[in-house]
Amino acid sequence: MSVDLVGFLGVVLVAYVVPGPDFLVVVRSATEHPAKGRAAALGAQSGLCVHMLAAAVGLSLIAARSPVVYDAIKFLGAAYLVYLGARAVLAARRAARERRAGHETAGGAEGLGAPAEAGDGASRSRWRSGFAQGFLTNVLNPKAALFFLSVLPQFVHGSGSPARQIFLLGILDVLIGVAYWFVLVAVAARLRALLARPKIRHRWELTTGWLFVAIGIGVAAAA
């Protein structure tokens, strides 16, 4: 197999570094708990695998050429981002009211405002929540599907099976993403000590919540 690996790696790295919905989900999850951040990262890459497999069997091509299917996926993804943002904003405001009333729980809010759990139950809950948020954010992003249809083929050479080359490049993309997200999680997790302060946590929740809403509206409004 002969592919332009240097050019491909450059495009992939730029795509990951430029902030988007996946970036925000992973960072936000990591600041709640490193394990949740890693789960969100694996969820996002699992969603990418779905797009890759769909492209391999031609489903993404059908979606890309059908305005109805494309718009349905786009609006579902936008609605999910707005839902995450609204949930975060409401949780932040609820926590602020509880603090003012003197009823704030000792552990603070966990995972978009959910009360903290203990032991293995908390670990499982964090993992499920993080993975689901990462997976749904990615799999409902039609631009991820178009990446495999419009960008990856540019790095495939005529010799050999194009489908196989795209599949192998997709696997490389997923593995690079896992490594990148895990480094990002380690960096973002260092913010947890700063976010332990209630006022800073409140501002963080509001800011990231409204960012989710803004991105969702932007996705819905995009042509």
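E205 and R28 form a salt bridge in this predicted model, and their closest N and O atoms are just 2.4 Å apart. The two residues come from distant parts of the chain: E205 belongs to helix α10 (residues 198-221), R28 to helix α2 (residues 21-32), and 177 residues separate them. Opposite charges on side chains can pair when the charged atoms come close. Neither partner here is out on the surface. E205 counts as buried because its relative accessibility is 5%, and R28 is buried too, with a relative accessible area of 3%.

**The salt bridges**

How many salt bridges does a search of the whole structure find? The count is four. Here are three of them, with the distance between the closest N and O atoms.

| Salt bridge | Closest N and O atoms |
|---|---|
| E205 with R28 | 2.4 Å |
| E32 with K36 | 2.6 Å |
| R201 with E205 | 2.9 Å |

E205 turns up again in the pair with R201. This time the partners are in one helix: R201 and E205 are four residues apart in α10, so about one helical turn separates them. Salt bridges that share partners tie R28, E32, K36, R201 and E205 into one network.

Are the other members of that network buried or exposed? E32 counts as buried, since its relative accessibility is 4%. K36 is buried as well, at 2% relative accessibility. R201, at 15%, also counts as buried. For that label, the relative accessible area has to be under 20%.

**Rings and a charge**

Now for the aromatic side chains. The structure holds five aromatic pairs. One of them is F131 with F135, which is stacked: the ring centres lie 6.2 Å apart and the planes are 5° from each other. Both rings sit on helix α6 (residues 119-139), and because F131 and F135 are four residues apart there, the separation is about one helical turn. F131 counts as partly exposed, as its relative accessibility is 28%. F135 gets the label partly exposed as well, at 25%.

Elsewhere, Y16, Y180 and W181 come together as one aromatic cluster. There is also a charge over a ring to look for: the charged end of K74 sits over the ring of F75, 5.1 Å from the ring's centre.

**A buried asparagine**

Back on helix α6, N138 is worth a look in the viewer. N138 is buried, as its relative accessible area is 3%. Which residues does N138 touch, leaving aside its neighbours within four places in sequence? The list is D22, A44, G47, L48, H51 and A144.

**A nonpolar patch on the surface**

On the outside, L53, F167, L168, I171 and L175 make a nonpolar surface patch of about 420 Å². Helix α8 (residues 162-188) supplies the largest share of the patch, with four residues. L53 lies in helix α3 (residues 34-57). With a relative accessible area of 47%, L53 counts as partly exposed, because exposed would take over 50%.

**The whole chain**

Stepping back, the protein's secondary structure comes to 10 helices and two strands. Along the sequence, the pattern reads α-α-α-α-α-β-β-α-α-α-α-α. Of the 223 residues in the protein, 40% are buried. Among contacts with a separation of 6 or more, 84% are between residues 24 or more positions apart. The E205 and R28 pair, 177 residues apart, is one link between distant parts of the chain. As for the outside, the accessible surface of the protein is about 11500 Å², and 68% of that belongs to carbon and sulfur atoms.

Methods:
Residues numbered from 1 in each chain as written. Predicted model: local features only at pLDDT ≥ 70, side-chain atom pairs only at ≥ 80, totals over all residues. Heavy atoms only, no water. Phe/Tyr/Trp six-rings, centres within 6.5 Å; stacked < 30°, edge-to-face > 60°. Buried < 20%, exposed > 50% of the residue type's maximum accessible area, 1.4 Å probe, protein only. Lys NZ or Arg CZ within 6 Å of the ring centre and 35° of its normal. Salt bridge = Lys/Arg side-chain N within 4 Å of Asp/Glu carboxyl O. Contact = heavy atoms within 4.5 Å. Patch = residues over 30% accessible without salt bridge, like charges linked within 9 Å, V, L, I, M, F, W, Y side chains within 5 Å. Areas by Shrake-Rupley, 256 points an atom, 1.4 Å probe, with all protein chains shown as cover.
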